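Biologist: I should be grateful for a close look at one part of this structure. Please describe the aromatic residues and how they are arranged, and then turn to whatever accompanies them.

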Amino acid sequence: MTSEYRHRLTSPRLAVPLTVLAALAGFLILSAVGRSPPAKVARSPATAPTVQVRHTRLGRVLVTTGGRTLYLFLEDGSHSSCFAGCARVWPPLLVTGRPRAGPGVDARKLKTVRRRQSRLRQVTYAGHPLYTTVADERPGDTQGQGWLGTWFVISPAGRQVGKASASAGGY
């Protein structure tokens with residue numbers, strides 16, 4: 001390489017365009033990540049998932065067929081109020097058919113509601129829309145328990161497990 005060519009490559013005039021190019025590349029990568037589906041549970045719902053009961057450190061709670069802990073959101077009514085960014089962290093339990101109750105699950109409490117702008121339906125239990133959380137890395141994890149005093153695991157009776165507290169932080 002000649003010294004003149006090397007000088008052109010290291011010239012301060014290139015610093016601004018290279019910085020802009022690097023920033024643009026970073027923006028495009030982050031944009032692609034932000035648009036990616038949050039979790040396999042929400043992206044490819046089973047046609048008839050079974051809601052089961054599992055014993056955890058919090059007692060007997062509802063879980064998915066894969067053992068992922070199910071949560072209720074206190075701010076929900078009979079329909080979900082968790083969409084967009086919320087649903088990326090708290091993927092709803094979605095189905096295209098009818099959910100099946102596993103042993104220990106009251107089939108009469110297991111229903112579905114229409115999910116806004118979707119052909120899929122969200123599974124509910126005792127009137128509570130059900131969710132998992134990306135914070136739970138393995139089956140049986142309950143990292144979302146008590147998050148912001150509004151997210152709780154759900155018992156086979158259809159009630160939240162635990163109570164909200166001022167220090168509830170969850171994960």
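Modeller: In this predicted model, Trp-90 is a suitable place to begin: its relative accessible area is 3%, so the residue is buried. Tyr-71 is likewise assigned as buried, at 0% relative accessibility. The structure holds four aromatic pairs, and Tyr-71 and Trp-90 make up one of them: the ring centres lie 5.3 Å apart with the planes at 80°, so the arrangement is edge-to-face. An angle over 60 degrees is what places a pair in that class. As for position in the chain, Tyr-71 belongs to strand S3 (residues 71–73), while Trp-90 is found in the loop between helix H4 (85–89) and strand S4 (94–95); the pair therefore ties together parts that are 19 residues apart in sequence.

A second pair is formed by Tyr-131 and Trp-151, with ring centres 5.1 Å apart and planes at 85°, so this pair too is edge-to-face. Trp-151 lies in strand S9 (151–153), and Tyr-131 in the loop between strand S8 (128–129) and strand S9, so parts that are 20 residues apart in sequence are tied together by this contact. Tyr-131 has a relative accessibility of 0% and counts as buried. Trp-151, with a relative accessible area of 3%, is also buried, because the limit for that class is under 20%.

These two pairs belong to a wider grouping. Tyr-71, Trp-90, Tyr-131 and Trp-151 join with Phe-73 in one aromatic cluster.

A further aromatic ring, that of Phe-83, takes part in a contact with a charged group. The charged end of Arg-116 sits over the Phe-83 ring, at 3.7 Å from its centre.

The disulfide may be considered last. The count for the structure is one disulfide, and this bond joins Cys-82 to Cys-86, with an S to S distance of 1.9 Å. The assignment follows because the sulfur atoms must lie within 2.5 Å. The angle about the S-S bond is -110°, and the link between Cys-82 and Cys-86 is left-handed. The two cysteines fall into separate accessibility classes: Cys-82 is buried, with a relative accessible area of 0%, whereas Cys-86 is partly exposed at 24%. The figure for Cys-86 places the residue in the intermediate class because that class covers values between the 20% limit for buried and the 50% limit for exposed.

Technical notes. Residues are numbered from 1 along each chain as its sequence is written. This is a predicted model: local features need pLDDT of at least 70, side-chain atom pairs count only at pLDDT 80 or more; totals for chains, interfaces and linings use all residues. Side-chain values use heavy atoms; hydrogens and water are left out. Buried means under 20% relative accessible area, exposed over 50%, partly exposed in between (1.4 Å probe, protein chains only). Rings of Phe, Tyr and Trp (its six-membered ring) pair if their centres lie within 6.5 Å; planes under 30 degrees apart count as stacked, over 60 as edge-to-face and the rest as tilted. Helices (H or I, at least four residues) and strands (E, at least two) are DSSP runs, numbered from the N terminus. A charge sits over a ring if NZ of Lys or CZ of Arg is within 6 Å of the ring centre and within 35 degrees of the ring normal.
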